[in-house]
Amino acid sequence: MSNKENYGKPWEGGDKPYESSYGKLMMWFFLITDTLTFSAFLAAYGFSRFKFEDVWPIAEEVFTHFPFLHGEHPLLFVALMTFILIMSSVTMVLAVNFGHKMQKNKVILWLSLTIVGGIMFLGSQAWEWGHFIHGDKGGIETNTEYTIHIAEGEKLSSVYKLMDIDKYSDANENPFQYFALEDLTAEMKEGFDVQNIKSLIEKLEAKPEFNIRKANRIYLSNEESVNYIKENATKIVVGANLVDNEYGHRLFADYFFFITGFHGFHVFSGVVLLIIILINTIKGTYEKRGHYEMVEKVGLYWHFVDLVWVFVFTFFYLV
Amino acid sequence: MSDNQHNGNWWIWKVFWILLGLTTFEVLLGMFKPEFLVNTIFLGTKLLNHVFIILTIIKAAYIVLTFMHLGFEKKSLKWTILLPALVLVPYLLFIILSEGVHAYIVL
């Protein structure tokens, strides 16, 4: 390192053309491959979205809730998640920075705060997933494979409101929770589906202020809605999983689980790595080694996780 | 090369405020959706989406160049990392997204 003049110029085969350590270089190479992986996921999402442009769910209608707040607050919760992740990125840089200055206690402080940020992000994501899986307004699946929604006039309403059902009541009173009942055969489930559609049609005929919005976001009149449902509806879906999705096209849910899940798994791995280096810092391993490069390497990974989220945030929630 | 590192922490907070400001701006745009940005169509999509994408790329540049310290590395390292991403990702997006448009038209 010290007798640098003995080496050739960087592009002329000097033996340290990058002036970077082996470990950092390998972390960077790993991050390039990971960049391509995530780009492929987002590109695939874009493909499906372009293909089903007319019926693709609008993110603002899907992610509208904030813990402990009533009403609709689109974007607010993801904005908070983004803030948490940016904040934890900052605490990570600070930890790296104090590592350069060999200030062990400050490294411990900022690393701990980074871990707290990471865990907060994971918790938020768990809430977001829980809400997404549990469902919000409910939807109706049709034999065209698209999901239609209940509306009042030109405004999105909810299946629960139309059917006078308390969303949070248990499986015995809430007919949409029949999947929570044990020992249901496929035929019994189908029976529930048929029964649900039947009572939906009755309610819709009795309440003229309700109508439906088709997947391509065209509102029908009450009469047209009844006919459309009689002709096309197959079952009522509440919540989302890999097969059914109340919010719209089922691919949307698949991509949501896959991309945010893969990112969340990265965050989780990051937290594990951070905990390991925190323990090592406390034990004084890096102090003995004479440098905090390991903190830097994990820092690179952690910032990358933040970087990916910046793109997921834009392409899943904003655009 | 890395004077920044030894001049205290002010630059970290500067980048933090930039990132926070850009994100807040994005969220506000997403909530209020200024009409002329929504109604103007440019290159096949709303102008608003172009604004989002540009802001996102600016944020990404700040994270990579300062937080990940790539801006202060040797030129050779910098381009070894950036070129594959800058070439392959737009290429991938171009072929897959135009394929998506095609699938929309024919299927």
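A salt bridge here is a side-chain nitrogen of Lys or Arg within 4 Å of a carboxyl oxygen of Asp or Glu. By this rule the count comes to 12 salt bridges over all chains.

The model is predicted: local features need pLDDT of at least 70, side-chain atom pairs count only at pLDDT 80 or more, and totals for chains, interfaces and linings use all residues. Residues are numbered from 1 along each chain as its sequence is written, chains are lettered from A and ligands numbered from 1 in the order in which they are written, and side-chain values use heavy atoms, with hydrogens and water left out.

**Exercise 1. Follow three salt bridges within chain A, and describe the surroundings of their residues.**

Step 1. Begin with A:Lys161 and A:Glu152, whose closest N and O atoms are 2.8 Å apart. For accessibility, buried means under 20% relative accessible area, exposed over 50%, and partly exposed in between (1.4 Å probe, protein chains only). A:Lys161 is partly exposed at 47%, and A:Glu152 is partly exposed at 28%.

Step 2. Next comes A:Glu205 with A:Lys230, where the closest N and O atoms are 3.3 Å apart. Helices (H or I, at least four residues) and strands (E, at least two) are DSSP runs, numbered from the N terminus. A:Glu205 lies in helix 6 (residues 186-206) of chain A and A:Lys230 in helix 7 (residues 222-232) of chain A, so this pair ties together parts that are 25 residues apart in sequence. A:Glu205 is partly exposed, at 45% relative accessibility.

Step 3. Finish with A:Glu293 and A:Lys297, a salt bridge with its closest N and O atoms 3.5 Å apart. Both residues lie in helix 10 of chain A, 4 residues apart, about one turn of the helix. A:Lys297 counts as buried, at 16% relative accessibility. Elsewhere, salt bridges that share partners join A:Glu72, A:Asp136 and A:Lys137 into one network.

**Exercise 2. Trace how strands 1 to 5 of chain A are paired.**

Step 1. Two strands pair if DSSP finds at least two bridges between them. Strand 1 (residues 139-142) of chain A pairs with strand 5 of chain A in the antiparallel sense over 4 bridges. Within this pairing, A:Lys235 in strand 5 is the bridge partner of A:Glu141. Strand 5 (residues 233-237) of chain A is mostly covered, with 4 of its 5 residues buried.

Step 2. Now go from strand 1 to strand 2 of chain A: the two run antiparallel and are joined by 2 bridges. A:Ile140 stands opposite A:Ile148 in strand 2. The two strands form a hairpin with 4 residues between them, and A:Glu145 in the turn has a positive phi of about 75 degrees.

Step 3. Strand 2 (residues 147-152) of chain A has 5 of its 6 residues buried. Strand 2 pairs with strand 4 (residues 210-213) of chain A in the antiparallel sense over 4 bridges, and A:Ala151 stands opposite A:Asn211 there.

Step 4. Strand 2 is also joined to strand 3 (residues 155-156) of chain A by 2 bridges, again antiparallel. A:Ala151 has A:Leu156 as its bridge partner in strand 3. This hairpin has 2 residues between the strands, and A:Gly153 takes a positive phi near 65 degrees.

**Exercise 3. Work out what chain A brings to its interface with chain B.**

Step 1. Start with the contact (heavy atoms within 4.5 Å), which takes 53 residues from chain A and 46 residues from chain B.

Step 2. Buried area is the accessible area (1.4 Å probe) that two parts lose on being put together, summed over both. Between chain A and chain B it is about 4,500 Å², of which carbon and sulfur atoms give 78%. A:Tyr18, A:Trp28 and A:Phe50 supply 13% of the area that chain A buries against chain B, more than any other three residues.

Step 3. Look for charge pairing: the rule finds 1 salt bridge across this interface. A:Glu60 forms a salt bridge with B:Lys33, with the closest N and O atoms 2.8 Å apart.

Step 4. Finally, assign the chain A side to its helices: helix 1 (22-51), helix 3 (76-100) and helix 10 (293-318) each supply at least two residues. Helix 1 of chain A gives the most, with 16 residues.
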